Amino acid sequence: MLVEPELIEKARKGDSGAFNGVVTAYRKRILGTISRLIGRPEDVEDVGQEVFVRLYYSLEQLRTPEVFEPWLYRLTVNACYDYLRRLKRRGESRMSDLSEQQVLMADSAAGSKRQDEESEKGRVREFVDALFQHVSEEDRLLLTLKEVEGLSLKELEQIYGVNENALKVRLFRARQRVLKAYNTASAEGKL
Amino acid sequence: MTEADRQLDELFERYRAACPEVEPSANFMPAIWSRIERRGSFPLVFERLTRIFVAGAAAACLLLTALTALPARRSAPAAVPATYADALYADSSAERTYYTEAVRSTDNLVPEDYRH
């Protein structure tokens with residue numbers, strides 16, 4: 001945990017200073033997760049604020065500070081999922097602004113080495129995002145939390161409130177689909 | 001674990017490193033608090049509107065009660081009976097009065113032997 005359980009307990013009881021402390025401790029990690037889940041850098045902060053507002057209003061329902069992190073992750077996943085649904089309704093693509101951002105990053109890069117690194121990173125991002133298109137939005141979020149964020153099955157079980165075995169099966173199937181797409185891309189020489 | 005599996009794990013690691021770190025802006029915290037206040041003020045506005053509506057409904061209820069009670073009081077002393085039963089009762093009581101008056105007026109015409 002990034003904060004002491006006492007701070008969470010204080011925030012739960014309505015201490016706004018403690019709540020500020022909790023947000024300050026977790027905001028960078030949560031923004032990073034949101035960035036990987038929604039893939040649109042320009043909306044990351046907006047979704048992040050939504051997560052912490054939801055946290056503020058649901059904190060009093062938290063039974064014990066020990067389950068705070070899975071609770072926060074659950075709010076994060078739900079906020080990302082809501083955002084992606086809204087995006088889908090508006091008919092916009094999840095990755096629409098990524099290339100623009102890559103260009104901006106490449107422009108701002110000082111040296112050619114940095115430029116190379118940035119373009120390599122952009123290539124990796126685009127490739128993995130293309131692989132993720134072979135699974136559903138729900139499975140992509142689950143797979144990202146497990147494989148990219150590095151959450152354990154136990155943590156995922158707490159976040160989703162689903163049996164560990166059911167999660168294992170779902171993760172295995174999603175990974176198999178991504179692996180199949182990866183093998184196809186390798187065979188076609190797209191790596 | 002196959003070679004492809006291992007390569008995929010490696011790719012996920014590179015992907016994590018390739019995703020840009022997002023630094024929160026200076027406005028991050030104030031924006032959260034203004035959202036909290038905005039969302040918190042909505043139920044208050046709703047509560048206030050509900051109270052106004054309930055008070056208005058109670059006033060309208062009282063006014064309607066008063067309006068229905070007033071004509072009833074006005075019609076009470078009117079000469080015309082309100083119902084058929086009342087009219088019947090008024091009619092029969094008038095007959096009884098005439099009958100009693102007639103008995104009284106003819107009382108002295110009855111011979112003394114027949115009087116009680």
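**Notes on the helix packing and the A–B contact**

1. Let me start with a helix pair in chain A. Helix α4 (residues 68–89) of chain A and helix α8 (residues 153–160) of chain A have axes that come within 8 Å and cross at roughly 65°. Keep in mind as you look that this is a predicted model. The crossing in which α4(A) passes α8(A) is right-handed.

2. Which residues does α4(A) use to meet α8(A)? On the α4(A) side they are Pro70(A), Tyr73(A), Arg74(A) and Val77(A), and they meet Glu155(A), Gln158(A) and Ile159(A) in α8(A). Sorted by class, this contact has four nonpolar, one polar and two charged residues.

3. Next, α4(A) against α3(A). Here the axes come within 9 Å, with a crossing angle of roughly 130°. Angles over 145 degrees would count as roughly antiparallel and 65 to 115 as roughly perpendicular, with this range falling under the rest, so α3(A) and α4(A) are oblique to each other. As for handedness, α3(A) passes α4(A) in a right-handed crossing.

4. The residues in that second contact are worth clicking through. From α3(A) come Asp43(A), Val47(A), Glu50(A), Val51(A), Arg54(A) and Leu55(A). Their partners in α4(A) are Leu72(A), Leu75(A), Thr76(A), Ala79(A), Cys80(A) and Tyr83(A). By class, the α3(A)–α4(A) contact has eight nonpolar, one polar and three charged residues; the charged ones are Asp43(A), Glu50(A) and Arg54(A), and the polar one is Thr76(A).

5. Now the contact between the chains. How many residues does each chain put in? Chain A gives 25 residues and chain B gives 22 residues. On the chain A side, at least two residues each come from α2 (16–38), α3 (41–58), α6 (112–132), α7 (137–148) and α9 (164–187). Of these, α2(A) gives the most, with eight residues. The side of chain A that touches chain B breaks down into 13 nonpolar, five polar and seven charged residues. Note that α3(A), already met above as a partner of α4(A), is also among the helices supplying this side.

6. Last, chain B itself. What does its secondary structure come to? Chain B has three helices and zero strands, and its elements run α-α-α from the N terminus on. As for burial, 5% of the 116 residues of chain B count as buried.

Definitions and conventions
Residues are numbered from 1 along each chain as its sequence is written. Chains are lettered from A and ligands numbered from 1 in the order in which they are written. This is a predicted model: local features need pLDDT of at least 70, side-chain atom pairs count only at pLDDT 80 or more; totals for chains, interfaces and linings use all residues. Two residues are in contact if their C-beta atoms, placed from the backbone, lie within 7 Å. Helices (H or I, at least four residues) and strands (E, at least two) are DSSP runs, numbered from the N terminus. Axes are lines fitted to C-alpha atoms, for helices over the stretch in contact, and angles run from 0 to 180 degrees between N-to-C directions. A crossing is left-handed if the near helix is turned anticlockwise from the far one by less than a right angle, and right-handed if clockwise. Angles under 35 degrees count as roughly parallel, over 145 as roughly antiparallel, 65 to 115 as roughly perpendicular and the rest as oblique. A residue is buried if 20 or more other C-beta atoms lie within 10 Å of its own, exposed if 12 or fewer, and partly exposed in between; C-beta atoms are placed from the backbone.
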